[in-house]
Amino acid sequence: MTASPTAKPEPAPTVTKTIEVKVKVTKTVTAQPASGYSSGDDESSSGGSVYYQNCAAARAAGAAPVHRGEPGYGSHLDRDGDGTGCDWG
């Protein structure tokens with residue numbers, strides 16, 4: 001017996017796969033001036049803040065090294081976690 005030319009094959013079953021994706025979220029926090037700090041242009045009383053994106057920026061501003069509690073300090077500047085940022089090189 002031979003197959004009829006009009007017979008259509010059955011469609012293949014649909015297979016779905018669920019995958020789990022993990023996402024790492026980072027939050028940038030801008031350092032606030034320490035109490036009693038005066039930047040010379042009264043920035044502390046106007047609510048201004050200092051933020052250095054990296055050590056090159058802190059050095060260019062003449063602020064490196066920057067210590068924990070000082071305006072502009074951020075843990076992203078402190079590679080070894082000793083409380084002093086941009087203290088290398």
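These legends accompany close-up views of a predicted model.

**View 1. The chain in outline: one helix and two strands.**
Read along the sequence, the elements come in the pattern α-β-β. Helix α1 covers residues 55-60. Strand β1 spans 66-67, and strand β2 spans 84-85. The chain has 89 residues, and buried residues make up 18% of them. Take the contacts between residues at least 6 apart in sequence: 22% of these join residues at least 24 apart.

**View 2. The disulfide between C55 and C86.**
A search of the whole structure finds one disulfide. Its partners are C55 and C86, with their sulfur atoms 2.1 Å apart. The angle about the S-S bond is -90°, and the link is left-handed. The pair joins distant parts of the chain, 31 residues apart: C55 sits in helix α1, C86 in the segment after β2. The C-alpha atoms of C55 and C86 are separated by 5.4 Å. Both cysteines fall under the 20% cut-off for burial. C55 is buried because its relative accessible area is 8%. C86 also counts as buried, because its relative accessibility is 5%.

**View 3. The surroundings of C55 in helix α1.**
Neighbours within four places in sequence are left aside here. Beyond them, C55 is in contact with L77, C86 and W88. The C-alpha atoms of C55 and G85 lie 7.8 Å apart. Along the chain, C55 and G85 are 30 residues apart.

**View 4. The backbone and contacts of C86, in the segment after β2.**
C86 is not a glycine, yet its phi is positive, at about 60°. Not counting residues up to four places away in sequence, C86 touches C55, A58, R59, A64, P65 and L77. Two of these contacts, A64 and P65, flank the cis peptide bond of View 5.

**View 5. The cis peptide bond from A64 to P65.**
Omega for this bond is near -5°. P65 belongs to the loop between α1 and β1. P65 is among the residues in contact with T84, and C86 touches P65 as well.

**View 6. The largest nonpolar core, with eight residues.**
Its members are V50, Y52, C55, A58, V66, Y73, L77 and C86. In soluble globular proteins, nonpolar side chains tend to be buried together. Both disulfide partners, C55 and C86, belong to this core. Y52 touches A57, A58, A61, A63, P71, G72, H76 and L77, again not counting residues up to four places away in sequence. Among these contacts, A58 and L77 are also core members. L77 is also touched by C86 and is in contact with C55.

**View 7. D78, buried without a salt bridge.**
D78 is found in the loop between β1 and β2. The nearest side chain of opposite charge belongs to R68, 4.1 Å away. A salt bridge requires a distance within 4 Å. The side chain of D78 does reach backbone nitrogens. One is that of G83, at 2.7 Å. Another is that of G81, which lies 3.1 Å from a polar atom of the D78 side chain. Not counting residues up to four places away in sequence, D78 touches R68, Y73, G83, T84 and G85.

**View 8. T84 in strand β2.**
T84 counts as buried because its relative accessibility is 14%. The side chain of T84 makes a polar contact of 3.1 Å with the side chain of H67. Leaving aside neighbours within four places in sequence, T84 is in contact with P65, V66, H67, Y73 and D78. V66 and Y73, both on that list, are members of the largest nonpolar core. D78, another contact of T84, is the buried residue of View 7.

Note on methods
Residues are numbered from 1 along each chain as its sequence is written. This is a predicted model: local features need pLDDT of at least 70, side-chain atom pairs count only at pLDDT 80 or more; totals for chains, interfaces and linings use all residues. Side-chain values use heavy atoms; hydrogens and water are left out. A nonpolar core is a set of buried Ala, Val, Leu, Ile, Met, Phe, Trp, Tyr and Cys residues joined through side-chain atoms within 4.5 Å. Buried means under 20% relative accessible area, exposed over 50%, partly exposed in between (1.4 Å probe, protein chains only). Contact means heavy atoms within 4.5 Å. Helices (H or I, at least four residues) and strands (E, at least two) are DSSP runs, numbered from the N terminus. Lys and Arg count as positive and Asp and Glu as negative; His and the chain ends are not counted. A polar contact is a pair of N or O atoms within 3.5 Å; within protein, one must be able to donate a hydrogen and the other to accept it, and residues adjacent in sequence count only if both atoms are side-chain atoms. A disulfide is a pair of cysteine sulfur atoms within 2.5 Å.
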